[in-house]
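These exercises are meant to be worked with the sequence and the model open side by side. Try each task before reading its solution.

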Amino acid sequence: MKNNNNITQINGTVLSGEQTQLNLIIDDNKTSINQELNNTINNNLEPGTVLCDKYEVISKLDVVTGEADLYICKWNNKEYIAKVYRREFAIKQDVVEILKSINSPFVSKIYETGIHKGKPFEVLDYYKNGSLQGRKLNKDFNYEEIRKNIIPSINEGLKVLHSNGIIHKDLKPSNIMITDNGKDVTIIDFGISSVKSDGNTIIVTKTGMTPEYSAPETFRNLFLEESDYYSFGITIFELFCGYTPYKNMKAEEIEKYVSVQRIPFQEDMPSELKNFISALTYYDITNRRNKKNPNRRWTYDEVKQWCDGKKLAIPGEGIGNSEKLEMPPYTFLRKKYTDIPSLVAALAENWENGKKQLFRGLISGFFKGFNPEIATFCLDAELEATRTSGKDDIIFWKLLYTIYPELRAFYWKGGSFESINALGRDMLERLWKNDTSKLNYYDSILSEKLLSTYVQTIAPNDEKLKSAVGNIEAMHEFNNNDERSKLMTCYQMAYMLSGQRILDLDGVKFKNVGELASYMKELLNKSYEEFESFCHKLIDSEDNLDIRLESWLIAIGKRKELDKWKETLVG
């Protein structure tokens with residue numbers, strides 16, 4: 001804001017692009033709009049304005065678009081639409097020239113183009129019935145109308161565009177207008193469309209698009225005819241459901257999900273329509289040139305045959321069944337794996353390298369070609385890792401058991417055990433030898449509550465085991481403040497998991513209290529000094545039992561006796 005000589009101005013400079021600035025002049029207590037600036041930023045066409053020496057502007061259309069203003073105009077007793085773009089170079093001349101030559105009821109015709117006050121405009125057909133945006137099955141039309149009118153119209157419109165080298169790149173309900181007969185539809189809005197050149201079938205470009213309707217390859221800036229058909233499938237999904245499969249998701253989230261194409265269909269959607277949408281939105285374009293390969297996204301020919309009632313193979317499902325394809329070789333650390341169990345084991349045993357495979361998108365990319373369900377699990381894990389810092393290990397661990405629920409071995413951070421029993425035995429052996437090098441490792445297992453998740457997977461009906469594991473994890477959570485409590489919990493975990501009921505005191509093992517009592521009696525008879533020395537190993541100067549002994553007594557069911565003895569000491 002400036003105030004010079006009683007004149008106050010708000011930014012007297014007009015910014016470029018679509019921004020507008022309000023320019024007020026306050027002089028002699030009078031406020032007015034700077035008309036010079038106003039004329040620059042006001043592109044409204046006044047009624048009576050004539051374009052191309054024949055189209056008279058009648059009124060502005062009350063429709064909000066991001067790129068242009070729309071006006072109803074008339075010539076020779078017929079109404080048209082004048083689309084006046086806000087950007088100077090909004091119209092692609094190569095696209096326009098082709099569209100001018102197209103005469104199809106399924107593609108909006110461009111009659112004229114020109115420049116008005118420095119802004120480009122097009123004169124198009126006026127569709128009084130509006131677009132498909134906001135329209136829904138059973139509200140605006142029935143299923144047969146979708147099948148017999150809307151789908152064939154869009155298919156024919158795309159054929160005309162593609163045969164003339166145009167890829168639309170932004171097909172969606174708001175860009176599909178209902179024709180005057182109220183049944184058929186036509187494709188409009190070619191603002192970001194591109195023309196294929198030199199015989200190429202793929203356009204590589206960075207351009208604006210609507211992520212909710214965009215094919216997987218377009219997120220990599222690749223656009224082809226199949227990309228328009230993917231958008232076609234999402235459009236039909238929305239007409240039936242009233243929303244897109246990726247509503248309220250961010251673009252980066254959509255990009256991950258569309259690469260595996262697992263669309264959740266409503267239960268009441270007809271199976272033939274589910275198949276149709278699945279075929280149009282098939283994620284893989286690898287086999288698109290091979291017309292004999294059923295695992296490729298549908299385009300014009302398949303859609304026409306479907307409309308004619310012909311039964312076709314659905315991409316990714318083979319002919320007549322929905323069984324997943326066999327697993328192709330997966331190369332990991334220079335070795336090929338051809339089955340899920342061996343691959344999961346290899347990823348788990350090589351923990352850090354396995355995590356890299358997951359979080360770099362290699363595993364999801366591999367599975368999407370033959371097992372979209374597993375690919376989705378992987379993408380969910382990747383997405384969770386971006387949202388939750390420091391949880392890569394637990395995310396990776398859960399994924400392994402999700403990919404292969406029959407997995408019985410226990411893996412964690414490079415540790416590999418054939419079962420939780422084996423984990424318990426390994427713990428006991430280390431603890432008996434006073435090897436505390438793995439205490440943090442055991443602590444992480446308890447902190448992440450891995451045992452509960454593991455047991456729920458392998459033994460969901462073993463209530464005794466689930467209860468025991470839950471008690472150990474609760475004990476760890478409660479007694480996690482001092483080293484003795486942590487060590488006691490680890491012993492309890494080791495005894496519980498291993499099923500062992502043996503006490504090992506410096507290499508001497510006891511199966512029950514009777515054996516321990518007999519051993520101590522023999523020591524007493526042999527030498528009081530040896531007996532006294534052994535007793536000092538069992539109880540320290542603060543009357544704490546040796547942690548090995550106390551853990552063992554609890555494991556063999558002597559907790560009540562222990563508690564009673566401790567009460568006696570306190571007394």
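**Exercise 1. The surroundings of R147**

Task: List what R147 touches, leaving aside neighbours within four places in sequence.

Solution. The model used here is a predicted one.
Step 1. With those neighbours set aside, the contacts of R147 are P152, E272, W306, C307 and G309.
Step 2. Place the residue itself: R147 is part of helix α3.
Step 3. Check its accessibility. R147 has a relative accessibility of 13%, and buried means under 20%, so R147 counts as buried.

**Exercise 2. The buried side of α7**

Task: Find which residues of helix α7 (residues 300-307) are buried, and what they pack against.

Solution.
Step 1. Y300, E302, V303 and W306 are the buried residues of α7.
Step 2. Look down the axis of α7: these buried residues fall within an arc of 170 degrees, so they line one face of the helix.
Step 3. Recall the geometry behind such a pattern: an α-helix has 3.6 residues a turn, so residues three or four places apart point the same way.
Step 4. Identify the partners. The buried residues of α7 pack against α3 (143-163), α4 (225-241) and α6 (271-280).
Step 5. Go on past the end of the helix. G309 follows α7 and has a positive phi, near 90 degrees.

**Exercise 3. The view from α6**

Task: Name the buried residues of α6 and some of the helices that cover them.

Solution.
Step 1. The buried residues in α6 are L273, F276, I277, S278, A279 and L280.
Step 2. Their cover includes α3, α4 and α7.
Step 3. Compare with the previous exercise: α6 is one of the helices against which the buried residues of α7 pack.

**Exercise 4. Two helix pairs**

Task: For α8 with α9, and then for α13 with α14, describe the packing and the residues that make the contact.

Solution.
Step 1. Helix α8 (residues 340-349) packs with helix α9 (residues 351-359) at an angle of about 115 degrees, and their axes are 5 Å apart.
Step 2. From α8 the contact takes L347, A348 and E349; from α9 it takes W351, G354 and Q357. Sorted by class, these residues of the contact of α8 with α9 are three nonpolar, two polar and one charged.
Step 3. Helix α13 (residues 420-432) and helix α14 (residues 439-447) pack at about 145 degrees, with their axes 12 Å apart. The crossing of α13 and α14 is left-handed.
Step 4. In this contact L423, D426, M427, R430 and L431 come from α13, and L439, Y442 and I445 from α14. The classes in the contact of α13 with α14 are six nonpolar, no polar and two charged residues.

**Exercise 5. Salt bridges**

Task: State how many salt bridges a search of the whole structure finds, then examine three pairs and one network.

Solution.
Step 1. The search of the whole structure gives 27 salt bridges.
Step 2. D69 pairs with K60 in a salt bridge whose closest N and O atoms are 3.6 Å apart. D69 is buried at 14% relative accessibility, whereas K60 is partly exposed at 44%.
Step 3. In the salt bridge of D189 with K83, the closest N and O atoms are 3.3 Å apart. D189 sits in the loop between β13 (185-187) and β14 (194-195) and K83 in strand β8 (residues 78-85), so the pair ties together parts that are 106 residues apart in sequence. K83 is buried, with a relative accessible area of 7%, and D189 is partly exposed, at 23%.
Step 4. K304 and D308 form a salt bridge with 3.5 Å between the closest N and O atoms. K304 counts as partly exposed at 37% relative accessibility, and D308 as exposed at 58%.
Step 5. The network of salt bridges links D506, K537, D546 and R548.

**Exercise 6. Positive phi outside glycine**

Task: Compare the settings of D189 and K449, residues other than glycine with positive phi.

Solution.
Step 1. Phi is near 60 degrees for D189 and near 55 degrees for K449.
Step 2. D189 lies in the loop between β13 and β14; K449 lies in the loop between α14 and α15 (450-458).
Step 3. D189 is partly exposed, with a relative accessible area of 23%, and K449 is partly exposed at 34%.

Definitions and conventions. Residues are numbered from 1 along each chain as its sequence is written. This is a predicted model: local features need pLDDT of at least 70, side-chain atom pairs count only at pLDDT 80 or more; totals for chains, interfaces and linings use all residues. Side-chain values use heavy atoms; hydrogens and water are left out. Axes are lines fitted to C-alpha atoms, for helices over the stretch in contact, and angles run from 0 to 180 degrees between N-to-C directions. Helices (H or I, at least four residues) and strands (E, at least two) are DSSP runs, numbered from the N terminus. Contact means heavy atoms within 4.5 Å. Ala, Val, Leu, Ile, Met, Phe, Trp, Tyr, Cys and Pro count as nonpolar, Asp, Glu, Lys and Arg as charged, and the others, Gly among them, as polar. A salt bridge is a side-chain nitrogen of Lys or Arg within 4 Å of a carboxyl oxygen of Asp or Glu. Buried means under 20% relative accessible area, exposed over 50%, partly exposed in between (1.4 Å probe, protein chains only). The arc is that of the directions from the helix axis to the C-beta atoms. A crossing is left-handed if the near helix is turned anticlockwise from the far one by less than a right angle, and right-handed if clockwise.
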